Each structure stands twice: as structure tokens, then as C-alpha cells.
Amino acid sequence: MRKSLQFGVLALACVAVAIGCSSGSAPTPTATPKPATSTASPTATASGGATVVATPTSSSSLIQIPADIQKEMPLLAKYHWSKVDWSPANLGKGQKTYGGVLKMNQPTVPTTWDTATKFGSTTALIDTPFFSRLLTYDESLTNAFAGAGNLHKLAFKGDLAASWDISADGKTYTFHLVQGIKYQNIPPVNGRELTSEDVVYNIRRLSDGSKSGATADIYKNMESVEATDKYTVVFHMKSVDGAFIYSIVSPLNNFVPKEAVDDGSINSMPIGSGPYIAKEFVPNDHLYAEKNPTYFKAGLPYLDRIEWYFIPDPATRIAAFRTGKIDEYTYRGWNDARQLLDNCGSLGCSLYVNEQNSGSNYYFGFQMNKKPFDEPRVRQAIALSIDYPAAITALYGGNARVGFSAVPSDWDGGRMFPRTQADAPEWYHYNPDKAKQLLKDAGYAPGSLNVNVWMSTTTGSMAAEPALYIEYLKAIGFNVTPKLVDAATLRTMYNSGNWEGLLYNATISGGSDLNDWASIMETGAPSNVFGISDPKLDVLIKAQRVELDRTKREQIGKQIADYDYQNIMGRVWLPSPLFYHFTRPWVQGLVGNDVYYWSTYWGLNVLEDTWLDRTRMPAGADR
Amino acid sequence: MEFGQVKNIATAFPTVRWGDKAKKSWKASKTFARRQPLGAASALFLIAMTLAAAFPALLTSGGPYAIHPLESFQSPSAHNLAGTDQIGRDVFTRLIYGARISLQVGIMTVGIGLTTASLLGILSGFVGGTFDTIVQRVSDALQTIPGIVLAMALVSLLQPSLTNVMFAISFVIIPFNQRVVRSAVLSIKENPYIEAAKVIGGGRMRIMLVHILPNVVAPIIVLASILFGFAILTEASLSFLGLGTPPPTPSWGMMLSEGRQFTENAWWLSIFPGLAITLAVLAFNLFGDALRDVLDPRLRGSR
Amino acid sequence: MSQYVLKRVLLAVPTLLLASLVVFSLVRVVPGDIIMATLGDHSQNVTPERLAQLRHQIGLDRPFVVQYVSWIGGVLRGDLGNSLWTQRPASSELLKALPVTVQLGVMGLLIAWVIGIPVGVLSAVRSGKASDYVGRVVSILGIAVPDFWIATVVILVLSVQFNYLPPLGYAVLWQDPLKSIQQFLWPALILGFRLSAVIMRMTRSTMLEVIQQDYIRTARSKGLSERVVIYRHALKNALIPVVTVIGSQVGIIVGGAVILETIFSLPGVGRLTFQAITLRDYTQLQANVLVIAAMVVMMNLVTDVAYAWLDPRIHYR
């Protein structure tokens with residue numbers, strides 16, 4: 001009897017193994033497909049013989065990649081979004097096709113779908129497919145190619161709002177809603193119409209400080225909001241606020257139906273007016289959604305179905321992309337990108353690269369009002385001690401920005417490309433001897449400066465960068481004590497504005513507006529944890545806040561960036577790695593404005609414009 | 001002294017006559033090697049590891065922290081026996097210095113954790129009564145929390161550092177091990193010889209030191225060898241979860257955890273530390289097995 | 001026997017209370033709490049007053065004893081509190097995650113038995129010979145190799161060499177058994193390999209003991225074949241103590257789950273607990289620890305009872 005039991009177990013095991021290994025065991029991929037690229041000459045897609053008019057030569061050669069970008073960030077130059085072989089239909093030439101499944105990696109797990117709650121910020125990473133708001137970001141390849149030039153320039157367009165006006169004195173904003181918008185046809189809203197009452201209800205919740213930790217700030221300048229008729233919403237502001245219109249574009253402002261809040265269903269499923277309806281949500285695992293047949297924008301969306309998978313381990317994520325379990329892989333991180341550049345799996349991939357502002361602008365932060373950082377020479381010495389090109393080569397294979405400026409590129413005078421080392425002031429050019437001299441001049445003999453470097457650990461993958469920078473600091477005479485804490489503790493330290501020594505951290509943007517970045521350096525601002533207090537800077541920061549004209553704001557932004565770069569206000573900027581978007585060659589229209597946020601699709605309604613080009617899909621792709 | 005046919009490890013351990021020890025040790029080693037080849041091989045490995053940890057400068061140059069960022073990700077060569085890591089540090093050097101860290105973690109775990117557990121176990125078993133009950137209840141309660149969860153919580157609480165990791169692991173092993181020692185004590189305690197000693201007038205302290213202690217030394221030694229391995233492994237797991245010894249300390253666990261992400265491009269960054277951990281844990285366990293076999297053949301391979 | 005079971009069940013209560021108190025105290029002594037962890041991106045815009053307000057809403061500003069007592073009160077009513085992270089009841093999060101880890105554990109144990117018992121028997125029967133040594137080394141490898149390392153290598157080899165990855169998207173076992181088995185196979189294999197070490201050693205030692213018993217000698221002298229002697233007489237009795245080992249392996253299972261669930265994307269209790277620790281989600285962590293501890297206690301009791309039932313020589317008072 002024992003024997004047969006054992007035999008049975010063994011047999012079962014064999015069957016299990018057989019099942020496990022049976023599916024998907026394709027032979028070793030042969031030639032590893034390289035990411036699709038195109039040079040300046042246009043490509044014609046072979047779609048069953050029909051000739052497609054190629055994109056005008058002029059558009060992609062309109063965008064010249066500057067020489068110093070090509071030198072300092074070769075991958076950014078080579079895989080710039082303007083160099084990608086997009087389907088012509090993206091650029092207005094030809095038809096976009098409907099149908100299909102897109103499989104995506106889910107970056108985090110939302111804890112609730114109601115942004116106007118304490119932890120609503122996690123929702124914003126993934127809520128745009130399900131919800132709508134007044135305005136949304138505008139990422140249009142067509143526009144970018146047609147002359148606007150910068151795909152990642154922060155532009156916005158109406159979502160629920162068909163049009164809007166700002167009064168002459170800048171204190172009244174009037175939004176005219178699209179008429180006939182319907183909520184998704186699921187309980188508890190069951191497809192009823194969305195009107196100005198809903199908008200006002202949401203704005204009131206979002207601006208209520210007692211409910212929300214994250215969004216109330218956006219509305220702090222708002223005096224009142226009202227629905228003057230069924231399709232008109234009017235905001236009255238306390239004062240002129242140049243940041244307001246950009247802030248309400250934030251996906252934290254997604255609008256939820258009152259019924260779902262009242263019966264609590266919004267806490268477990270997303271219910272809104274967006275292009276996709278959530279079908280199945282298993283937190284910490286997956287989220288499936290299907291096309292909303294009554295979406296208010298005619299002709300949208302294109303996809304039938306989207307599947308998100310939450311994959312916590314980075315190595316598994318790469319494996320998932322390679323084996324075709326997910327169709328997009330967008331991550332900063334040279335190591336991951338390098339592996340995929342070598343081999344992105346048998347289904348092939350397409351790639352574009354851009355700079356990123358949020359989550360990857362590393363710096364050493366310090367308190368400007370404490371010794372020894374109140375002494376400019378000490379700050380300069382820190383910057384001078386680092387060999388940026390060598391570090392970038394070692395850490396990022398030569399692909400990173402040499403350092404940031406306190407303001408994102410498109411607010412930094414409206415740049416299309418990031419600043420390079422050629423633009424950087426002398427402090428950001430490696431000169432350890434000068435650094436030692438400056439320290440001596442400032443009265444610190446080598447070896448006499450003790451400094452802590454605080455940093456956080458995730459799963460051990462941040463070790464190389466701070467370890468390297470610390471060696472540079474030691475080489476010029478600092479006595480460095482590395483202090484490792486976990487992420488939550490580091491954040492607490494950061495927010496308290498009270499740490500001893502250097503804090504190794506990356507910027508996390510509070511928003512996409514210039515004001516969010518600039519106010520960190522304003523005297524007395526709650527977000528100013530670096531003890532920065534500079535009257536000249538304050539003047540600039542106040543000026544941008546009340547300036548409504550975009551171009552003028554960009555100019556002020558440049559001045560702020562210059563000032564910070566020159567005077568090292570609170571942060572010594574460290575190299576910032578680039579961001580890599582890998583997608584399947586057939587996935588079209590999935591462009592990200594991750595320039596601002598560490599999650600690619602934050603706030604973008606790109607998924608309503610995403611479509612699959614079947615002519616580029618290999619047989620058996622099962623999409 | 002013989003304690004009769006008590007089915008217990010304690011019985012087989014002969015009274016140690018320190019005088020003869022030196023003379024017999026060489027002969028004993030040879031016998032050991034013949035009877036326990038695996039154990040002997042492991043012992044050799046452990047001796048080598050200890051020597052490497054004690055005198056790292058003999059085998060390496062430059063130290064484990066010397067970075068050469070421009071020579072990162074070099075594959076193993078004559079110059080870098082085990083290649084270089086992501087910022088150009090020599091992996092072989094770090095492996096050797098890592099042996100020291102691993103041994104430190106093990107020594108601390110055994111030194112503090114096992115010692116505390118043993119003392120607790122001996123006291124608890126010998127004294128008995130309410131004290132014993134309380135200690136056992138608390139120990140039971142702690143044992144219901146899986147070790148790694150408790151260690152994670154402790155390190156997270158205390159912030160990751162080598163010391164805190166060592167402390168956390170030491171703490172986690174106490175409940176189980178004190179129980180093992182206690183059961184050894186309990187079985188000796190029942191023996192009529194102890195009763196006799198008490199009657200004759202031997203103080204409790206004396207009884208504990210002279211009679212109980214030598215006979216629990218055996219299981220403690222065996223536990224120690226296994227705990228070394230356990231400590232090294234737990235440190236590696238904690239490093240993977242981001243709660244281990246912080247970089248740039250060259251602990252094998254951290255090296256493996258970091259090297260994991262480079263397995264594809266730079267296999268040497270994970271294979272070598274992984275191999276080091278595996279071999280060390282293997283050696284400790286096999287050696288412990290061999291010791292147990294020597295100390296009581298009847299318990300060969302148990303537990 | 002039933003008196004014994006009752007006694008054990010009653011004893012479980014203070015044990016669990018104590019365990020929960022330990023964890024309760026641990027997490028509250030820490031700097032940085034869940035509010036900080038979750039506001040994350042936007043915490044720099046939040047003023048101290050609002051922080052205090054948010055803390056108050058969760059009840060983090062009450063004295064320690066009050067928090068503990070109120071939590072215990074809730075537990076007795078079946079309410080394990082709400083996860084500070086998701087605002088949903090901690091018990092519902094647990095209920096969703098438990099089947100995953102249980103499935104992983106059961107499959108792992110099955111595999112451990114399939115590997116461990118035959119190797120243990122072989123080792124015992126050929127004690128002292130080469131196959132014994134090989135068996136012992138292989139079984140120790142099961143605990144010597146760091147499991148996150150094996151898991152990484154497995155995923156790499158599977159994806160690069162075989163273009164294969166276990167399917168994503170957790171499938172409930174009885175709804176989609178094929179997908180579920182595929183998902184759990186590899187992590188269960190790795191876990192099973194680890195668990196098999198203990199099983200192998202236990203089997204080996206009990207077999208060795210049993211083989212030396214008189215009744216085995218009798219069976220042999222009766223002329224029965226070695227195979228019958230081993231499998232029909234020896235193994236049956238040797239396996240009994242092995243059963244008791246299961247209780248102690250729950251700890252390894254949960255520990256292994258933390259790592260394997262992360263790497264293989266399974267939404268189980270291990271990952272949930274790790275997340276709770278890093279996020280300082282006190283309530284979820286307490287709930288998890290309490291439930292895991294209760295399961296450990298129950299498993300121990302079940303195996304002890306099973307032991308007594310299987311071996312008529314054992315009596316409990």
C-alpha cells in the first residue's frame with residue numbers, strides 16, 4: 001500500500017512537471033531583434049502591398065539632435081522619439097485599426113480608487129483609463145512632428161472641458177463642459193449623464209484639506225467653485241495663480257461619481273467616465289479592463305482590452321517582457337535597459353529614450369543654513385569632487401544627464417533637450433585639486449570634515465551610485481559615514497528638514513507645474529527642507545507664480561535654473577539616468593510623459609489613443 | 001562516569017581529561033578523517049575560510065573598498081580572479097573579506113544567541129518551577145512567529161546595519177535552541193547521580209558547572225555548527241529584502257543580492273558569492289553532522 | 001485525549017496574546033510611520049498640522065496600551081482592524097492571500113516528501129556507503145543554497161533559454177487548475193527542495209533506528225525479501241515521526257514564501273507581510289502575525305495528535 005502511494009505521488013509529480021513545461025516552450029530565439037529605428041529618411045510600411053505615403057521628410061529632420069547631446073547621451077540621440085519608426089497613421093497618414101489586447105506592467109497597486117482620500121496618490125498612477133477630469137495632458141505625436149517640436153513639452157487639452165476662459169484679472173476661470181458625457185454603464189452609476197454638479201462635487205472634495213493629503217494644496221488659492229448651469233463650472237480665485245491651470249491637469253484630480261463614494265464601491269473598483277471599464281481587480285496581482293462602448297469621445301478607444309500585471313521583482317519583469325507576457329517595459333535603469341537592448345525576446349521591440357525629471361534626479365541634499373554647507377566653497381568642493389563622465393560611464397554605460405537643474409527642461413526656457421555638461425558651470429567639471437584647495441581656503445583641513453551620508457535601500461540595487469560618490473568625497477578629504485535607513489525613514493527625515501550631513505535622494509515631483517519645482521527653494525515654504533533662504537531667488541519664485549503667460553514663465557524658469565546651478569542651492573546635482581521605453585513593434589501611440597513622473601503614464605490619457613498595428617504583429621502573437 | 005542506559009546524547013560523552021587531550025588530538029583527527037570523510041573535508045574548508053578571514057591581506061591587495069570605476073564589470077581574469085563589480089571593485093578581494101563578515105555574523109549569533117539560549121535552557125531546566133514555566137511560555141509564543149518575519153521586523157525597527165542584523169538573528173534563534181539545551185538538561189537532571197550529589201552537599205552551582213554543563217556541551221557544539229550556517233543564510237535573505245548589512249560592506253549576502261540583478265551580464269557577480277555561501281553553509285552542516293556522529297553514534301543523522 | 005486537546009487549545013490563547021504583543025510593541029517603536037510611507041510623493045507638500053490630523057484619523061496618536069487593548073477587543077469580536085495602507089479590513093486582505101501561500105506550502109510539502117523520503121530511505125539502507133554521502137550532501141544543499149538565488153537563476157534560464165515564464169495573473173486553483181499549477185510549480189519546486197532536507201534527515205534517522213529493531217530482524221529471518229522488509233515494515237513505522245516535522249516546517253514555508261512570492265509574483269501572505277513591514281502597516285502586520293501564529297499552533301497540535309493516533313505507544317496526559 002505504501003508502495004502504490006509513493007508511486008502515485010511520483011506519477012502526479014511527473015504529470016505536474018509535464019504540464020508546467022509543456023506550454024510556451026518555444027525553441028531558443030534565433031536572431032535577437034534589434035529595436036526598430038529609423039534614421040532621417042522615412043520608412044514605408046509594407047502592409048499587404050498597399051503603398052502608404054511616407055511621413056514627410058521634413059518632420060523628422062525638423063528635429064535636429066544637438067551635437068553635445070549626441071556626444072554626452074548617445075542613446076538619447078539614437079533612440080529619440082523623433083527617430084522611432086512610428087506607424088504613419090500616428091502622424092495622420094492612414095487609418096488606425098481597432099481591436100486587440102494590450103498587456104502592461106502595473107507599477108504600483110492603488111490602495112483605493114478615490115483620489116480625494118489620504119492615500120489617493122497611489123491611485124493617480126493608473127487611474128486615467130477609468131476616469132476623466134477637466135483637463136488632461138496632451139501628448140500628440142502629430143503635433144510634435146508638425147512643429148511644436150517637443151513631445152514632452154507640458155501641454156494640455158480639454159478632457160471633460162470643451163473650452164475654458166480666464167478672466168482679464170486672472171481671478172475667474174470658466175469651464176464649459178462637453179455635453180452628453182455619460183458615466184460608465186455599471187452600477188451604481190449605470191450610465192447617467194455627467195454634469196457640472198458632478199464636477200463641483202468632486203472639486204469640493206478634492207480641495208477639502210481634512211480629507212485629502214495630496215490634492216488640497218492644488219486648490220489652496222481657490223475661493224469658491226460653483227455650477228452656474230448644467231454644463232458650466234466657474235472657479236473664483238483668491239489671487240492670481242499662474243500654476244493653477246497646470247495643477248488641475250494632475251491625475252490626482254480624477255472625478256468619481258457620488259453614488260460610488262456613498263456606497264463605498266469606489267474603494268474597491270474604479271468607476272468613472274473614462275475609456276475603459278474595469279472588469280477584474282485583484283490587488284497586488286492584476287487588473288483587467290475592457291473598452292467602454294459609451295465613451296464620450298467618439299471613435300475612442302481603439303483597444304478592446306487591457307491587462308495590467310503587478311510584478312514586484314525587477315528580474316521577473318524583464319523576463320515577462322522578453323517572454324511576451326507584457327508588451328511594454330518602461331523603466332529608468334541602465335542595467336535593465338542593457339539587458340533588453342541585447343535581447344528583448346522573440347516578439348521584437350521598439351525603443352525610445354528620454355530624460356526624466358522625477359525619481360531619477362539624484363542629488364546630495366543638505367541644509368543651507370547649517371555648517372559647513374552655509375559656506376559656498378564647501379558646496380562647490382562637493383560638486384568638483386565628482387568625475388561625472390567617469391561615473392556616468394561606470395554606472396550608466398555612458399547614458400545619463402550630467403546633472404540636473406532645479407527646473408524641468410521644458411520650463412527651463414522651453415528647452416527640448418536637457419542641459420549638458422557643456423552648459424554646466426565650472427563646479428560640475430571634475431577638479432579634485434581645486435576642491436581640496438577650496439576646502440582649505442574655507443578653513444577645513446583635509447580629514448577634518450566629518451559628514452554623514454544618509455540614503456535608503458530598496459532591494460540593494462542603489463548601492464553602486466552612492467558608494468561611488470562617497471569615494472569621490474573621501475578622495476578630497478571628507479570623513480564620510482554612510483547611514484543606511486529604509487525608505488519610510490528617509491522620507492520622514494527629508495520632510496522634517498532636519499538631517500545632519502548629506503542626504504542622498506532623488507527628486508520626486510509634486511506636480512508638473514513650474515511652481516511645484518520652484519517653491520522648494522522659497523524661503524519659508526513647507527516644501528523647502530533645505531533651509532534655502534535667498535531674497536533674489538524668492539523674487540523670481542514669486543514672479544513665476546503670478547505670471548499667466550507660458551513663454552514668460554519659461555523665461556523665469558530658466559533664470560531660476562541658472563541661479564540654482566550657479567549657486568548650488570540646497571542640492572548638489574548628481575548624474576541622472578535616462579528613461580527607456582520598450583514596447584512591442586505593433587503597439588502604437590503609447591508615449592509617456594515620464595519626464596515628470598516616475599511612472600510613465602501618469603496623468604496621460606494615452607491609453608485612449610493607443611492602438612495595435614496588425615501589420616507589424618507576427619503570426620501567433622495572440623493579441 | 002557512566003550514567004547508565006539513558007537514551008540521551010549526554011550519556012555518550014565521556015568525561016574529558018584535559019591532560020591527555022593534546023597527546024590524543026592528532027590521533028583523534030586521523031581517526032575522524034577516516035571515519036567521517038565528509039566532516040573532515042568540511043573541517044579543512046572551514047579552517048581555510050577562517051584563515052582567509054583572519055589574514056585577508058595575505059591573499060589580496062588593495063582592500064575591499066577600493067573602487068576603480070573605469071574597470072567595472074570585468075570578467076574573471078588573471079588580474080581579477082573573480083572579476084570586478086559594478087564600480088570596479090575586485091570581487092575576489094571582497095569574497096575574502098566577506099568571509100570575515102560571514103564569520104562575524106556566525107560568531108555573534110553563536111556567541112550571543114546560542115550562549116543566551118544555553119544559559120536560559122540550563123537555568124530553566126535545572127531550576128524548574130515557575131521560572132521554567134514562564135520562560136517556556138514566552139519561548140513558545142515567540143516560536144509561533146516565523147523566524148524571518150521576526151528578523152525582518154527587528155532589522156527594520158533598528159535600521160539595517162551589520163550589528164543590528166547580527167543582533168536580530170541572535171535574538172531569533174534563542175527560543176528554539178534554549179529548548180534543545182533544556183531537554184538535554186532535563187534528561188540528566190532525572191539521574192540518580194544528581195540526586196546523590198545534592199544529598200552529599202554539592203551546591204547547586206557546583207552541580208550545574210561540574211555535572212550538567214559538560215554534558216550539554218555536546219549538543220551545544222552541534223547546534224553551534226548548524227547555527228553558523230543558518231546565520232549566514234539568514235543574513236543573505238535579509239540582504240535580498242533590503243534589510244541586510246548595508247553597502248559597501250562586503251558581506252556575501254549583500255554581494256549576492258546586488259549581483260542578482262546582473263546575473264545576465266556579469267554572471268561572476270552572483271555565482272561566486274552564491275557559491276561561497278553554499279559551500280560555507282554546507283561545510284558547517286556537514287561538520288556538525290560529523291561531530292554529532294562522533295559524539296553519539298545512535299543519533300546519526302537525526303533531527 | 002480530548003482533555004489533552006482542550007488543554008492545548010486553552011494554552012494557545014496566552015501564547016498567541018504574547019506573540020501579538022511582541023510584534024505590536026516592535027513596530028510602534030520605529031521612526032517613520034505609514035503616513036510618511038504612503039504620502040511619499042507628496043509628503044513635501046503636507047504641513048505638520050495635516051500630518052497630525054491624518055495620524056489622528058488612524059488613531060496612531062493614542063497611547064500604546066489603549067491601542068493594544070482596543071485591538072485585542074476587536075480581535076475577540078472577529079475584527080482584526082483595517083489595514084492602514086488600503087483602509088480595507090486586514091482580515092479580508094489575509095483571506096485573499098492565505099490560499100496562495102497555503103497552496104504553495106502544500107505543493108512544496110508534497111514535493112519535499114517525494115524527494116525527501118526516498119532519498120532518506122536510500123541513505124539509511126545504504127548507510128555509510130557512497131550513496132548515503134551523496135544523499136546527505138544533496139539534502140543539505142537544499143538548505144545551503146540561498147533560495148532567492150536559485151529562483152533568479154531559474155527565471156533567467158527559463159526566460160532566456162526556453163522563452164518560458166509561468167503565466168501572470170493569479171489563477172484560483174479550482175477555477176483554472178492548469179494555469180494555477182503552472183504558476184506554482186517552480187516556486188513549489190524550490191521550496192520543496194528546501195523542505196526536503198529536513199524530511200530526508202528525519203526519515204534517515206528514524207529508518208536507521210527502526211532497522212535495528214528486533215522485529216525487523218525477525219522479518220528478515222523469516223525469509224522476507226529486503227524490499228518487503230524495508231517498505232512494508234520499516235518505512236511504515238519510520239514515517240510516523242516524520243509526520244511531526246510538518247509542524248515545524250510552517251516557519252520555513254512562510255519564510256520561503258516571502259522571497260518566492262516576490263520573485264514569482266504570487267499575491268500571498270509572505271509578500272503581504274513583507275509589504276506591511278516596509279510600509280509600517282501595523283494593523284496588517286499584527287493581523288498577519290496573529291493568524292500565522294495561530295496556524296503554527298494549530299499545525300503543531302494536529303501533528304502531535306496525529307503522532308499519537310499513528311503510534312499506539314504514545315500517550316498524552
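**How the labels in this model were reached**

Modeller: In this predicted model, the contact between the two chains draws 23 residues from chain A and 26 residues from chain B.

Colleague: What makes a residue part of that contact?

Modeller: Two residues are in contact if their C-beta atoms, placed from the backbone, lie within 7 Å. On the side of chain B that touches chain A, helix H10 (204–240) and helix H11 (252–259) of chain B each supply at least two residues. H11(B) gives the largest share, three residues.

Colleague: How many residues on that side of chain B are nonpolar, polar and charged?

Modeller: Twelve are nonpolar, eleven polar and three charged.

Colleague: Turning to chain A, what makes S4 and S5 paired strands?

Modeller: Two strands pair if there are at least two bridges between them. Five bridges join S4(A) to strand S5 (residues 172–177) of chain A, so the condition is met. The two strands run antiparallel. As for single residues, A:Asp165 has A:Thr174 in S5(A) as its bridge partner.

Colleague: Which strands make up the sheet, and in what order?

Modeller: The order is S4-S5-S7-S6 in chain A, four strands with antiparallel pairing, forming an open sheet.

Colleague: Why are S4 and S6 of chain A said to stand at the edges?

Modeller: Strand S4 (161–166) and strand S6 (222–229) of chain A each have a single partner strand, so each has one side without a neighbour in the sheet. On average, neighbouring strands of this sheet are turned by 20 degrees against each other, direction ignored.

Colleague: Which helix lies across S5, S6 and S7 of chain A?

Modeller: That is helix H6 (residues 196–206) of chain A, which runs at about 165 degrees to S6(A). Strand S7 covers 232–237.

Colleague: How do you know that the length of H8 in chain B agrees with its residue count?

Modeller: Helix H8 (residues 162–189) of chain B has 28 residues, and at 1.5 Å a residue these should span 40 Å. The end C-alpha atoms are 39 Å apart, which agrees.

Colleague: Where does H8(B) bend?

Modeller: The bend is at B:Ile174, by about 45 degrees, and the proline B:Pro175 follows within four residues.

Colleague: What makes up chain C?

Modeller: Chain C has twelve helices and zero strands.

Colleague: What makes a residue of chain C count as buried?

Modeller: The cut-off is 20 or more other C-beta atoms within 10 Å of its own. Of the 317 residues in chain C, 51% are buried. Among contacts in chain C with a separation of 6 or more, 73% are between residues 24 or more positions apart.

How values were computed:
Residues are numbered from 1 along each chain as its sequence is written. Chains are lettered from A and ligands numbered from 1 in the order in which they are written. This is a predicted model: local features need pLDDT of at least 70, side-chain atom pairs count only at pLDDT 80 or more; totals for chains, interfaces and linings use all residues. Axes are lines fitted to C-alpha atoms, for helices over the stretch in contact, and angles run from 0 to 180 degrees between N-to-C directions. The expected span of a helix is 1.5 Å times one less than its number of residues. The bend at a residue is the angle between axes fitted to the seven residues ending there and the seven starting there. A residue is buried if 20 or more other C-beta atoms lie within 10 Å of its own, exposed if 12 or fewer, and partly exposed in between; C-beta atoms are placed from the backbone. Ala, Val, Leu, Ile, Met, Phe, Trp, Tyr, Cys and Pro count as nonpolar, Asp, Glu, Lys and Arg as charged, and the others, Gly among them, as polar.
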